[in-house]
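User: Please take a close look at a single part of this model and place it in its wider setting. A connected account would serve me better than a list.

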Amino acid sequence: MTVMVPSRTPALITPGQQALDSALHQLGQAAEHLGLDEGLRTMLATPRRSLTVSVPVRREDGRMDVVQGFRVQHNVSRGPAKGGIRFHPSTDIHEVTALAMWMTWKCALVGIPYGGAKGGVAVNPAELTTRELERLTRRYVNEILPLIGPEKDIPAPDVGTDEQTMAWIMDTYSVNAGYSVPGVVTGKPMTLGGSLGRAGATSRGVQIAALTALGRSPEGVRVAVQGFGKVGALAAQYLSDVGCTVVAVSDVGGAVHDAGGLDIAGLREHSAQTGGVSGYRHADAMSHDELFELDVDLLIPAALEGVITAENAPRVRARLIVEGANGPTTPEADEVLAANGTTVVPDILANAGGVIVSYLEWVQNMQAFSWSAAEVELKLRDLMQGAFGEVKSLAAEKGLTLRQAAHVIGVGRVAEAHQMRGLYP
Ligand code: NAD
C-alpha cells in the first residue's frame, strides 16, 4: 500500500491528510489480511467521485465571501452513497475523503445496503448568522446537486450541522425537483419525515457498544467524554442513565471535571444556555489534555480526528476506548494502546448507530411509512450487537485488534461486491 501514501514533510501534513493516511493504513492492513490483489486495493483506496466546489455567500453587511465545499463518494458498489456533511473551518478534501472511506466500511460492517460518502464546507458555522448559514447551505447543495439524490447519495448531519441544515437541504433539493423528496437526506426534523430515534441514534449505539464491550454492570463505571456535541452529550446522558459515573466532559471551549460524577442533564442545560460546558458551577475546570489522562474505566472521544496520538497514548489510563468520533486514534497510538492492553472499539463499529437509523429513516421515507420508537431501537440494537459479535469473534479467531477485525469484515464485503459485479466494460 506504500504507493497510496505519498511521503510528506511531517510539519506540512494537515489534519485532513493525517486522517487520510490513517484510513489508507487501516485499509492496507485489511487488504493484506484478505490477500486482495493490487488492482482491487487501488480501487478501494480511490474515491469513485470527488467534487470540490466554490460556495459564494452573501454576508449580512452585503459583502460576498467565497468558501470551499466538497462531496466525495468513496464507493457505491453495495448501494447508494451515504454520509454526513460537516461544517468546520479546517475541513479539506483529504479529510472528507477519509471520512467517506470510513463510511464505506461502516455500512458494509453493519450490513446496510449503502456505499460511503461525506461532504464538507470549510467554514465556522458559529461565525455566521442563521440567515447566512441558510444561504450557504442552499448554495452548497445547489453546487453538489448533480451528485445527490435518494437513489444516489444521501447526506446526513455531522460536525457543525443539524436537523435544521437537513431541512434546508431537503427543501433546496425538493424545490429543484418540483416535488417533496424527503429521502434525499436523513437526520431530518420529524415534521419533514425524520425518524423516531434518529437524533440520539449515534449516542445510543455508542452506549450499546460500550456496555457490550464492558461485559459487566455499568453501575459505577467511570467515564470521560471528549466532545459535548450531538454525539458526546447524549452518549454521556445515556451512560449516566444506566448508572455510569461520568466524571469529565469537554468541548472546544474547555473541559469540566467532578470526581463524584457530573449531573449530565444539568450540564446539557448549561451548555444549551451558554454555548459550552465551561463555567458550569457544579464542576471544576480542567485542561483538554488532562481529560485524556484521567483514571477512568471508559474514554469516549466524540469530537474530531487524530486526538489520541503516539504522544499522549502512553498516558491514557482508560482500559476501554469507545470511539464516538470518526478517526480519533492514529495508527501509531493504536499500537501503543494495544501494547498496553487497552481495548479500542473502533469508530466504524462504535458510532454506526447513526447511519443505521439513517438507513431506517430512508427506508421509511421510500415507503412513505413510519415505525415506532421501540421498533427503531430494536432494529438498531440487533444490527449493533450482531456486528459487534462478528467483530469480536473474528478478532479472537485471528488474533486481531477490534479495529483490524472490523476493517477486515467491512473491506472484505466491499471487495466481494466488486468481485461479484465484475469490471465494466
Ligand atoms: P457536533 O458538531 O454536534 O459536536 C462536536 C463537539 O466537539 C462540540 O461539542 C465541539 O465543541 C467539540 N469539540 C471540537 N473540538 C474539540 C476539542 N479540541 N476538544 C474538545 N471538544 C471539541 O458534532 P457531532 O455530530 O457530535 O460529531 C462528533 C463526532 O462524531 C465526529 O467525529 C463525527 O464525524 C462523528 N459522528 C457523528 C455522527 C452523527 O450522527 N452526528 C455519526 C457518526 C459519527
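Is strand 5 (residues 153-157) largely enclosed by the rest of the structure or left open, and how many of the residues of strand 5 are buried?

Analyst: A word on the basis comes first. This is a predicted model, in which local features need pLDDT of at least 70 and side-chain atom pairs count only at pLDDT 80 or more, while totals for chains, interfaces and linings use all residues. Residues are numbered from 1 along each chain as its sequence is written, and side-chain values use heavy atoms, with hydrogens and water left out.

Of the 5 residues of strand 5, 5 are buried, so this strand is largely enclosed by the rest of the structure. Buried here stands for under 20% relative accessible area, against over 50% for exposed and partly exposed in between, with a 1.4 Å probe and protein chains only. Strands are DSSP runs of E with at least two residues, and helices are runs of H or I with at least four, both numbered from the N terminus.

Strand 5 belongs to an open sheet of 5 strands with mixed pairing, whose order is 1-2-4-3-5; two strands count as paired if DSSP finds at least two bridges between them. Strand 1 and strand 5 are the edge strands of this sheet, each pairing on one side only. From one strand to the next the twist averages 20°, where axes are lines fitted to C-alpha atoms (for helices over the stretch in contact) and angles run from 0 to 180 degrees between N-to-C directions.

The partner of strand 5 is strand 3 (residues 81-87), and the two run parallel over 5 bridges, with Ile85 bridged to Pro157 in strand 5. Strand 3 also pairs with strand 4 in the parallel sense, over 5 bridges, and here Ala81 has Gly115 of strand 4 as its bridge partner. Strand 4 (residues 115-121) in turn is joined to strand 2 by 6 bridges in an antiparallel arrangement, one contact point being Phe70 with its bridge partner Gly120 in strand 4. At the other end of the order, strand 1 (residues 49-58) and strand 2 (residues 64-75) are antiparallel over 10 bridges, and Ser50 has Val72 in strand 2 as its bridge partner. Strand 1 and strand 2 form a hairpin with 5 residues between them, and Gly62 in the turn has a positive phi of about 95°.

As for the wider chain, it has 14 helices and 12 strands. Another open sheet of mixed pairing takes 7 strands in the order 9-8-7-6-10-11-12. Its edges are strand 9 (284-286) and strand 12 (343-345), each with a single partner strand, so one side of each is left without a neighbour in the sheet. Within it, strand 10 (residues 298-301) and strand 11 (residues 320-322) pair in the parallel sense over 2 bridges, and Leu299 has Ile321 of strand 11 as its bridge partner.

Buried residues make up 56% of the 425 residues of the protein chain. A compact globule with 425 residues would have a radius of gyration near 22 Å, and the 20 Å of the protein chain agrees with this; the radius is taken over C-alpha atoms, and the globule rule is 2.2 Å times the number of residues to the power 0.38.

Finally, on confidence, the protein chain averages a pLDDT of 96, and 97% of the residues score at least 70; pLDDT is the predictor's confidence in each residue, from 0 to 100. Over residues 1-6, however, the pLDDT is below 50. Where pLDDT is low, the predicted coordinates should not be read in detail.

Key: Contact means heavy atoms within 4.5 Å.
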